Structure formats: C-alpha cells, structure tokens
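Colleague: I would like to go through this model with you, one packing question at a time. Please give the reasoning before the value.

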Amino acid sequence: MFVAIERANDAVVAETRALRKRAGVDLRDFERRKSQALLDLTRAGRNLGEGPADAALVEHLRKLRASLDDNMKLLSTHLRAVREISELISRSLIEAESDGTYSRQFGAGQA
C-alpha cells in the first residue's frame, strides 16, 4: 500500500511542480500517471483489513491528501484562466463578425 501511495503522491507533486513552472505541460501524461496510481491504490486498498489504521499509513495518506489539495487548487486556477481567455476570444470573434444591426446604438436618444 505504501508504494502505491508514494507513486500517487509522486505523480501529483510532479504535475503540480510542472504547472507552477508555467512551461509546456503534457497533461495527458500526468492524467495517465494519476489514473494508474488510482488503479494501484484501489487494488492495494482491497487488501486492507477492517481493523484500525496503521499510524504510518495514515501519515502517508495525509501527505497524499495535502498534495492532492494543492494540485486541485492550482488546476482550478488554470481552468478559470482558460475559461476567461476563451470567453474573451469568443466575445471578440462575435463583435468582429457583427455588422452592428442588433447592437445598441450609443448616443441614440441621449441628450
């Protein structure tokens, strides 16, 4: 189980680090690594008993959870930025293609 948790944490931390560098990031590779890590965690979790959790296991899971939270915040920021940029581009394209027929005329009826 510890190996699966460490592998998952490594994938998440690597993606977070790459996103922070703001360099070209191959998100497909990170998606593949995180999907594989989730599969490994799921398989490893089936072998856990019903008894109380080992303190070392809990600590490893806390570390993974902190890494996931950090990653999620950063990905959310990037998604918001992409959404804002796409809205700006969309609005610009609509305005560029419009002939003004249905636009509100500024100055009309104003004294």
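Colleague: Which residues in helix 2 meet helix 1?
Modeller: This is a predicted model, where local features need pLDDT of at least 70, side-chain atom pairs count only at pLDDT 80 or more, and totals for chains, interfaces and linings use all residues. Residues are numbered from 1 along each chain as its sequence is written, and side-chain values use heavy atoms, with hydrogens and water left out. Contact means heavy atoms within 4.5 Å. Helix 1 brings Ala4, Ile5, Arg7, Ala8, Asp10, Ala11, Val12, Ala14, Glu15, Ala18 and Leu19, and the helix 2 residues they meet are Leu27, Phe30, Arg33, Lys34, Ala37, Asp40, Leu41 and Ala44.

Colleague: How many polar residues does the contact of helix 1 with helix 2 have?
Modeller: Ala, Val, Leu, Ile, Met, Phe, Trp, Tyr, Cys and Pro count as nonpolar, Asp, Glu, Lys and Arg as charged, and the others, Gly among them, as polar. In this contact, 13 residues are nonpolar and six are charged. The polar count: no residues.

Colleague: Are helix 1 and helix 2 roughly parallel or roughly antiparallel?
Modeller: Axes are lines fitted to C-alpha atoms, for helices over the stretch in contact, and angles run from 0 to 180 degrees between N-to-C directions. The two axes lie 8 Å apart, at an angle of about 160°. Angles under 35 degrees count as roughly parallel, over 145 as roughly antiparallel, 65 to 115 as roughly perpendicular and the rest as oblique. Helix 1 and helix 2 are therefore roughly antiparallel.

Colleague: Is Leu41 buried or exposed?
Modeller: Leu41 sits in helix 2 (residues 27–46). Leaving aside neighbours within four places in sequence, its contacts are Met1, Ala4, Ile5, Ala8 and Leu64. Buried means under 20% relative accessible area, exposed over 50%, partly exposed in between (1.4 Å probe, protein chains only). Leu41 has 18%, so the class is buried.

Colleague: What separates the C-alpha atoms of Leu41 and Val3?
Modeller: Along the chain, the two residues are 38 apart. Their C-alpha separation is 9.1 Å.

Colleague: Which residues is Ser67 in contact with, leaving aside its neighbours within four places in sequence?
Modeller: Ser67 lies in helix 3 (residues 55–97). Its relative accessibility is 13%, so Ser67 counts as buried. Its partners are Asn9, Val12 and Val13.

Colleague: Are helix 1 and helix 3 roughly parallel or roughly antiparallel?
Modeller: The axes of helix 1 (residues 2–21) and helix 3 come within 9 Å. They cross at roughly 25°. Helix 1 and helix 3 are therefore roughly parallel.

Colleague: How many polar residues does the contact of helix 1 with helix 3 have?
Modeller: By class, 13 residues are nonpolar and five are charged. The polar residues number six.

Colleague: In what order do the elements run from the N terminus?
Modeller: Helices (H or I, at least four residues) and strands (E, at least two) are DSSP runs, numbered from the N terminus. The chain has three helices and zero strands. The order is α-α-α.
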